[in-house]
Amino acid sequence: MMANSDNNRRKFMATTLQSVGLTALGGLLWSGYSHEVKASPLVLRPPGAIKEDDFLSACIKCGLCAEACQNRETNIDKETGKAREGTLIMAKGGDAKLIGTPYFIPTQVPCFMCEDIPCVPVCPSGALDFASLANEKQALDINKARMGLAVVHKESCIAFWGIQCDACYRACPLLDEAITLEYTQNERTGKHAYLLPVVHDNICTGCGLCEQACVTEKPAIFVLPREVSMGRAGDHYVKGWDKKDQERVKDAKSQETTTEISKESAADYLNSGGEY
Amino acid sequence: MKNIKYLLLRRVTQIGLLVLYFGANAYGWNVLAGTFGSSLILGTIPLADPYTTLQVLATGFVLGADVLLGALIVTFFYFVVGGRAFCSWVCPINMVTDLANWLRRKLHLDKEEVNYRFLKRNARYWIMGLGLVVSAVVGIAAFEVLSPITIMQRGIIFGFGMGFAVLVAIFLFDLFGVKNGWCGHLCPLGATYSLIGKASLIRVDHNHEACTNCMACKVVCPENHVLHMVNKESIMVTNGECTNCGRCIDVCNDDALNFSIRNYFKEK
């Protein structure tokens, strides 16, 4: 009797240990896989999307945004009466994006920046944030969207070669605001002007109409997520002439780097007359 | 016709729901839009998957009220109609695994369910809990990155891509691997609905007097341990793992099994 209950206890312990061990194994594999599949920095999200890291946890993958985009009134083809392909794509297996999340590819279908932004109010989870697109009157304002930022690769942009092209400038819904043309002299010919597109990051929404309009084989202007296409000057540099910029570094903390030779004072080689 | 009544009803429900979801995207219908993750009935009533909702909450993100309300509505609904009614009446993967299981029987791949040492039917509850832990650690809803359920549904609505491979994998697993492998052993969503349905009202009732012990019900049942009372005593199937698919009622020629409303007072 004693031996039997001992046996049972041992068996129970072994099974429990096995279950816990296998669960840990599964957890490691699962975590590793999940971590890999969420790492896709080159993805453009719908307007109003919250910070990518939060978006990945918040989006419940319901597709209501994509359905609203596809079936919006302005997307109905007047000739056929049918809906055209919408902007938003729900990531499929093989797209190398977190599966089931909405994104868009400007060269296929860019965002047309609808004034009523049908994709945002339908979001049930808060992954698309209504408040981030609301203006002072609490009305939706698509110009506040920051889906990405267009960048120009000047070596492949034919305007930088001196050929006259303003396709991106004309395609931009925020004409002469998000992209402006800078006129400079073409010194090679001596009598022509360069019309150079310049993107302004405080206005560009990242809709991608410029990328779609670009005439080069592979677009010389393209939209990237803002975290990818923007640099950061950091606290070490400040515009001393700009009150607002000084505000930015108000809370900056100094950082001191200590190395092996830090304890030696800097050599005063100009005045000490030593030999070097 | 008599012995496929519930099977037909289930297929009509499953396919009908998919048609409504498909039409919401393709033709702008407003009856049932979205996906299982979160849906909208007639553009007003929200629905949400309770397990997905728990996963998102586990990541630490404070979800919108629509999803929370939707998850409550769905939980309440399945609490009444039987937790895993979702599995057999709504989930599209059910059609894949039912096909695998049917083919398995036709090909005589196995007569008895093998008791796998490493894969017990309660593995799903571990996976369910693990899914929440992984969601919290990685910061994304962990089951949703590989859930064949939503991959299949989104595939039908928005296009499959490589996601089709997951369905083939599950089909092969259930056909050549473990009998009732996915739905009966692994699926954490099924586990969630098992828990929700533990106390649910609509149940299969067994009449011992009418039973002739032919065991046809146990052959077709995807969770046949829930039918432990067959030809033993006249009680209801109260195990939460019963999917309320009604196949046992279909195949019973003795009228010994029927749907019934649970009577909590009688049980005690």
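How much area is buried between chain A and chain B, and what percentage of that area do carbon and sulfur atoms give? In this predicted model, the area buried between the two chains is about 3300 Å², with 68% of it given by carbon and sulfur atoms. On the chain A side, the residues that lose the most area to chain B are A:Trp30, A:Ile60 and A:Glu67, which together account for 21% of what that side buries. In terms of contacts, 38 residues of chain A meet 47 residues of chain B.

The polar component of this interface was examined next. Between chain A and chain B, 10 residue pairs are in polar contact, counting pairs in which both residues have pLDDT 80 or more, whereas the rule finds zero salt bridges across the interface. The side of chain A that touches chain B draws at least two residues from each of three helices, namely H1 (2–37), H2 (52–58) and H3 (64–70) of chain A, and the largest share, 13 residues, comes from H1(A). By class, this side of chain A is made up of 16 nonpolar, 17 polar and five charged residues. One residue of helix H1 of chain A is A:Thr23, which touches B:Trp126 and B:Leu130 when residues up to four places away in sequence are not counted. A:Thr23 counts as buried, because its relative accessibility is 18%, under the 20% limit applied to buried residues.

Helix H2 of chain B, spanning residues 50–58, contains the buried residues B:Pro50, B:Tyr51, B:Thr52, B:Thr53, B:Gln55 and B:Val56. The buried residues of H2(B) pack against elements from both chains: H2 of chain A on the one hand, and on the other strand S3 (45–48), helix H3 (65–81), helix H6 (123–138) and helix H10 (188–196) of chain B. At the start of H2(B), a side-chain oxygen of B:Asp49 comes to within 2.7 Å of the backbone nitrogen of B:Tyr51. After the helix comes B:Gly60, which has a positive phi near 100°.

Although no salt bridge is found across the interface of chain A and chain B, the count over all chains comes to 15 salt bridges. In chain A, A:Arg170 and A:Asp166 form one such pair, with their closest N and O atoms 3.3 Å apart. The two partners differ in burial class, because A:Arg170 is exposed at a relative accessible area of 55%, while A:Asp166 is buried at 19%.

In chain B, the side chains of B:Asp98 and B:Arg11 meet in a salt bridge with an N to O distance of 2.7 Å. Since B:Asp98 lies in helix H5 (residues 93–106) and B:Arg11 in helix H1 (residues 5–26) of chain B, this pair ties together parts that are 87 residues apart in sequence. B:Asp98 is partly exposed, with a relative accessible area of 21%, whereas B:Arg11 is buried, with a value of 19%.

A further salt bridge of chain B joins B:Arg84 to B:Glu223, with the closest N and O atoms 2.7 Å apart. This pair links distant parts of the chain, 139 residues apart, in that B:Arg84 belongs to the loop between H3 and helix H4 (85–89) and B:Glu223 to the loop between helix H11 (216–220) and helix H12 (247–251) of chain B. Both B:Arg84 and B:Glu223 are buried. Through salt bridges that share partners, B:Arg84, B:Arg121, B:Arg124, B:Glu223 and B:Glu241 are joined into one network.

Finally, the cysteines were considered. A disulfide is a covalent bond between the sulfur atoms of two cysteines. Over all chains, the count comes to zero disulfides. The sulfur of A:Cys207 has its closest cysteine sulfur in A:Cys210, at 6.2 Å, which is too far for a bond, given that a disulfide requires sulfur atoms within 2.5 Å. A:Cys207 counts as buried, with 7% relative accessibility. In chain B, the cysteine sulfur closest to that of B:Cys187 is in B:Cys87, and the separation of 6.3 Å is again too far for a bond. B:Cys187 is likewise buried, with a relative accessible area of 6%.

Conventions:
Residues numbered from 1 in each chain as written. Chains lettered and ligands numbered in written order. Predicted model: local features only at pLDDT ≥ 70, side-chain atom pairs only at ≥ 80, totals over all residues. Heavy atoms only, no water. Contact = heavy atoms within 4.5 Å. Buried area = accessible area lost by both parts, 1.4 Å probe. Salt bridge = Lys/Arg side-chain N within 4 Å of Asp/Glu carboxyl O. Polar contact = N/O pair within 3.5 Å; in protein donor to acceptor, adjacent residues only side chain to side chain. Helix = DSSP H or I, 4+ residues; strand = E, 2+ residues; numbered from the N terminus. Nonpolar A, V, L, I, M, F, W, Y, C, P; charged D, E, K, R; others polar. Buried < 20%, exposed > 50% of the residue type's maximum accessible area, 1.4 Å probe, protein only.
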